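Thanks for letting me take a few minutes today. Please have a look at the model, and then I will talk through how some of its helices pack.

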Amino acid sequence: MVDTQPVVVIADPLAESAVEVISRDFTVREIDGTDVASLHEALADAEAVIVRSATTIDAAALEAAPKLKVVARAGVGLDNVAVPAATERGVMVVNAPTSNIVSAAEQAINLLLASARHTARADQSLREGRWDRKKFTGVEVRGKTVGVIGLGKIGQLVAARMKAFETEIVAYDPFVQPSRAAQLGIKLLSLEDLLAVSDFVTIHLPKTPETAGLIGAEQLAKAKPGVRVVNAARGGLIDEDALYEALKSGRVAAAGLDVFVSEPCTDSPLFTLDNVVAAPHLGASTREAQDNAGLAVAKSVALALAGEFVADAVNVQAGGIVAEEVRPYLPLAERLGRTLTALADGAVQSVTVEVKGTIAEEDVSILQLAASKGLFASVADSVTYVNAPLVAKQRGVDVGIHVSAGGDQNTVTLRGALVDGRTITVSGTVAGLTGETLKLVEINGFDLDIDADGALLMLGYADHPGVIGLIGGTLGDLSINIASMQVARKAAGGEAFMVMGTDAEVPGEVAAQVRETIGANAVATVTLED
């Protein structure tokens, strides 16, 4: 029997609990991703690859993976993933941004305390048979000022925990509003002012072109004499040569380092100094963090391979948590996009996604992305949540969104302006207690109530007797069964519009035959996924 389950390559060691979860629904292939040749070979038929920090997924790896849909990093940093190249190919990149935040915060505090009390050197001295109590006199943390550089999730956890030590917390983060910092009981300062007043400095920033080398010789020269510096975030945020000189001169009293510019790092001038406590990047090295990261990406991989939106995708516009009230409207917006493209039968210039009702009170920006995914599904290769905006830009189609809260019914409408001057509208809603039924409720001003599901034949024609019989006879002669039907008209004898659900997709030549039989002015077919 041929195994038809999607292949998931696990290129770095992953928590057993995560491997077990992934193995339930997918064919798992565990390899050593640092062996580039083996990696490329394994990726040949893979739909997902999971890495940690050792394996690099670069442009060459992506090129070797024609079926790849998702790259999952069981951790936070994405230095080893070529995100722009993945985005261009429509490959989703996900990580586990909150899986290790507690472990990372605890490691930063661990290093801060160790640097204050000479823990590592005292341990080594005692093991070597010496009782050097006077040599290892430290400082108390209580009453000191702790400067937190980067007030994201980890920085906030560190700040909250350090308050228990009766310290004053100041922070530098240009992207945090002063009102938010005030809510946390933290005073925001400029980087220069923070360094000038802090007895301890702990860094919690991602590594970007803007943050690389943020703390260099100039900054350390302006720091408070005797400051202790901790970096458990990313290597390269501190200039290691400048830090070495500052530690050697005594300007910086001590440093706690978990990360380095180049890793693995086993030989550094910093390791020769007695006032440095170092660890081999252990911020996420707890059982809990490893389990959390593995399980988080396992869930993300399953969602991505099912074609669903993944909140932890880093290269998806409008990423983030999707409200439960909004989630059922994602497949609806996508199907409306497919329907509009089928009706257009030509170049679309712009599309506006109009959201009305109580769901408009939520963040519905993701519906713009879902609609874009549907709009181009039949006209471009491998359109995903990742590359849908890029596909729209390449085709010169402007996709916007308009939100109007209030009203009794939640509806999503796609209003498309065509190059030839026509306008097409398609509206839908979600029905059922759990939002399991997707409905088409309007097309081009004609009110409808039909499931947005399966194969649909759509016809616009001049209203006259006998049309339904003619269509039924034509489809019956071709052994195409009609499953559902709805006819809408604005006035007797005027224009009418029919949407028909069929058990099988109606071929183009059959649709053309139906058009000729009834003299329809518009015919379109679309298959909306179950």
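Let me begin with helix 1 and helix 12, which cross each other in a right-handed way, and please keep in mind that this is a predicted model. Their axes lie 8 Å apart and meet at an angle of about 15 degrees, and because angles under 35 degrees count as roughly parallel, helix 1 is roughly parallel to helix 12. On the side of helix 1, the contact is made by Ser17, Ala18, Val21 and Ile22, while helix 12 contributes Asp291, Gly294, Leu295 and Ala298. Sorted by class, this contact has 5 nonpolar, 2 polar and 1 charged residues.

Staying with helix 12, it runs over residues 287–305 and reaches 27 Å from its first C-alpha to its last, close to the 27 Å expected at 1.5 Å a residue. Its buried residues include Gly294 and Ala298, and what covers the buried residues of helix 12 includes helix 1, helix 5 and strand 3. After helix 12 comes Gly307, which has a positive phi, near 80 degrees.

How, then, do helix 16 and helix 17 pack? The angle between them is about 150 degrees, with their axes 10 Å apart, and since angles over 145 degrees count as roughly antiparallel, helix 16 is roughly antiparallel to helix 17. Here too the crossing is right-handed. Among the residues making the contact are Leu470 and Ile471 of helix 16, together with Val510 and Val514 of helix 17, and by class this contact has 7 nonpolar, 3 polar and no charged residues.

Definitions and conventions. Residues numbered from 1 in each chain as written. Predicted model: local features only at pLDDT ≥ 70, side-chain atom pairs only at ≥ 80, totals over all residues. Heavy atoms only, no water. Helix = DSSP H or I, 4+ residues; strand = E, 2+ residues; numbered from the N terminus. Expected span 1.5 Å × (residues − 1). Buried < 20%, exposed > 50% of the residue type's maximum accessible area, 1.4 Å probe, protein only. Contact = heavy atoms within 4.5 Å. Axes fitted to C-alpha atoms, helices over the stretch in contact; angles between N-to-C directions. Parallel < 35°, antiparallel > 145°, perpendicular 65-115°, else oblique. Left-handed = near helix turned anticlockwise from the far one by under 90°. Nonpolar A, V, L, I, M, F, W, Y, C, P; charged D, E, K, R; others polar.
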